[in-house]
Amino acid sequence: MLLANKNIVIMGVANERSIAWGVAKSLHEQGANLIFTYRKERSLQKLQQLLEKEQIPATAVVSCDVDNDDSIVAAFADIGQQVGVLHGLVHSIAFAEKEELQGEYADTSRAGYLTAQNASAYSFVAVAREAKKLMTEGGSLVTQSYIGAERVMKNYNVMGVAKAALEASVRYLAEDLGKYNIRVNAVSAGPIRTLAAKGVSGFNDIMSVIEERAPLRRNIDQSEVGDATMFLISHLSRGITGEVLHVDAGYHVIG
Ligand code: NDP
Ligand code: N5H
């Protein structure tokens, strides 16, 4: 058991397809104590059903809207009271308005740009600051990114720019928190059919391209992202910080 007696926060379970739920299963297999945060009541209900079905105990379940600083501060104060020390945190949250995820990036509105940055990039900075206060024995933070941060991917648009900011934040946070023995990394996952991905234009075409062109000639799933995230949370990755680890069947090496 790589994570016995380790207190790990998981943010972003909306349902059984969520990347965060894949992460929860991988962390649970290694004996971690899991603390979940959610935003919508619907997500809380889904989470409670999943925990019961899979017989996974939650150490705590706390409400947290990452668009709101007071909500973040209150959530981590609550977590601190319940568990005292944190050893890890997984941020698996992003949001952009649907109308910004199609057409030309050049048409992005100021409001749409700020919404995406706020929920998808700044949220990780704010969460890292609060989590750090509880990581008195060192720790590991992991966020979820996508190759649209590095290259132009059709329709990803404003979210690509938000993920670029998120990946840059991983590097700056790695420098700031390294002196406290807190590591900061990202996983860059290939496309997975989740609630957030539902209804976004071009999703099926992108999955077909991966099947044809990725070195492994297939798509990846939540369990693969879960295991890679578990590795980055665990002691096995103790020399790694400021890294973006691709879990994408190798697609990122193809020109
Ligand atoms: P999900 O829809 O399962 O998860 C998205 C989560 O974001 C939901 O739990 C949602 O909670 C939460 N969320 C959105 N806004 C807020 C907010 N303001 N405060 C708190 N929570 C919020 O989709 P995924 O699992 O696909 O997404 C997880 C992460 O993985 C995202 O960062 C995404 O960009 C990334 N990713 C996804 C890929 C994919 O193909 N699916 C590929 C690469 C990266 P609620 O509904 O309760 O608001
Ligand atoms: C190139 C692509 C396909 C096009 C772009 C997709 C971008 C998706 C990311 C964001 C997170 C989707 C999003 O915010 C959708 C919302 O506007 C509407 N959905 C919701 O509100 C649901 C109910 C909730 C749960 O969603 C959120 N976000 O809270 C990228 C794809 C191939 C890969 C992909 C899907 C990447 C990614 O980052 O998720």
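Where does α4 bend, and by about how many degrees? Hold on to that question while I say hello, everyone, and thanks for coming. One thing before we look: this is a predicted model, so please keep that in mind throughout.

Now, back to the helix. Helix α4 runs over residues 110–134, which makes 25 residues. From its first C-alpha to its last it reaches 35 Å, close to the 36 Å expected at 1.5 Å a residue. And here is the answer to my opening question: α4 bends by about 45° at Y122. If you have the structure in front of you, find Y122 and look for that bend in α4.

Let's stay on this helix a little longer. Two residues in α4, K133 and E130, have side chains that meet in a salt bridge, at 3.0 Å from N to O. If the term is new to you, side chains of opposite charge can pair when their charged atoms come close. K133 and E130 are 3 residues apart, about one turn of the helix. How do the two compare in burial? K133 counts as exposed because its relative accessibility is 53%. E130 counts as buried because its relative accessibility is 10%.

Also in helix α4 you will find Y113. With 30% relative accessibility, Y113 counts as partly exposed. Together with Y105 and L114, Y113 forms a nonpolar patch on the surface, and the three have about 280 Å² of accessible area together.

Just ahead of α4 there is a loop, the one between β4 (88–91) and α4, and A106 lies in it. A106 is exposed, with a relative accessible area of 66%. Which distance separates the C-alpha atoms of A106 and V158? They are 52 residues apart along the chain, and the separation is 9.3 Å.

Let's put another pair beside that one. V152 sits in the loop between β5 and α5, and at 84% relative accessibility it counts as exposed. The C-alpha atoms of V152 and Q49 are separated by 38 Å, and these residues are 103 apart along the chain.

Back to salt bridges. How many does the structure hold? There are 3, and you have already met the one between K133 and E130.

Another joins the side chains of R39 and D67, at 4.0 Å from N to O. This pair links distant parts of the chain, 28 residues apart. R39 is in the loop between β2 (33–38) and α2 (41–54), while D67 is in the loop between β3 (58–63) and α3 (69–83). Are these two buried or exposed, or in between? R39 is partly exposed, at 43% relative accessibility, and D67 is partly exposed too, at 40%.

Then there is the bridge between E224 and R218, whose side chains meet at 2.8 Å from N to O. E224 counts as partly exposed at 26% relative accessibility, and R218 is partly exposed with a relative accessible area of 33%.

Now let's go inside. T143 is found in strand β5, residues 139–145. Why does T143 count as buried? The cut-off for buried is under 20% relative accessible area, and T143 counts as buried because its relative accessibility is 0%. What is T143 in contact with, leaving aside its neighbours within four places in sequence? The list is H91, F124, L166, V170, N185, A186 and V187. Try clicking through them on your own screen.

My last stop is a pair of backbone angles. N5 has a phi near 65°, a positive value in a residue other than glycine. N5 lies in the segment before β1 (7–11), and at 64% relative accessibility it counts as exposed.

N157 also has a positive phi, about 45°, although it is not a glycine. The place of N157 is in helix α5, residues 157–178. Is N157 buried or exposed? N157 counts as buried because its relative accessibility is 14%.

So what might you take away today? Helix α4 bends by about 45° at Y122, the structure holds 3 salt bridges, and T143 counts as buried at 0% relative accessibility. Thanks for listening, and I'm happy to take questions.

Conventions: Residues numbered from 1 in each chain as written. Chains lettered and ligands numbered in written order. Predicted model: local features only at pLDDT ≥ 70, side-chain atom pairs only at ≥ 80, totals over all residues. Heavy atoms only, no water. Helix = DSSP H or I, 4+ residues; strand = E, 2+ residues; numbered from the N terminus. Expected span 1.5 Å × (residues − 1). Bend = angle between axes of the 7 residues up to and from the residue. Patch = residues over 30% accessible without salt bridge, like charges linked within 9 Å, V, L, I, M, F, W, Y side chains within 5 Å. Areas by Shrake-Rupley, 256 points an atom, 1.4 Å probe, with all protein chains shown as cover. Buried < 20%, exposed > 50% of the residue type's maximum accessible area, 1.4 Å probe, protein only. Contact = heavy atoms within 4.5 Å.
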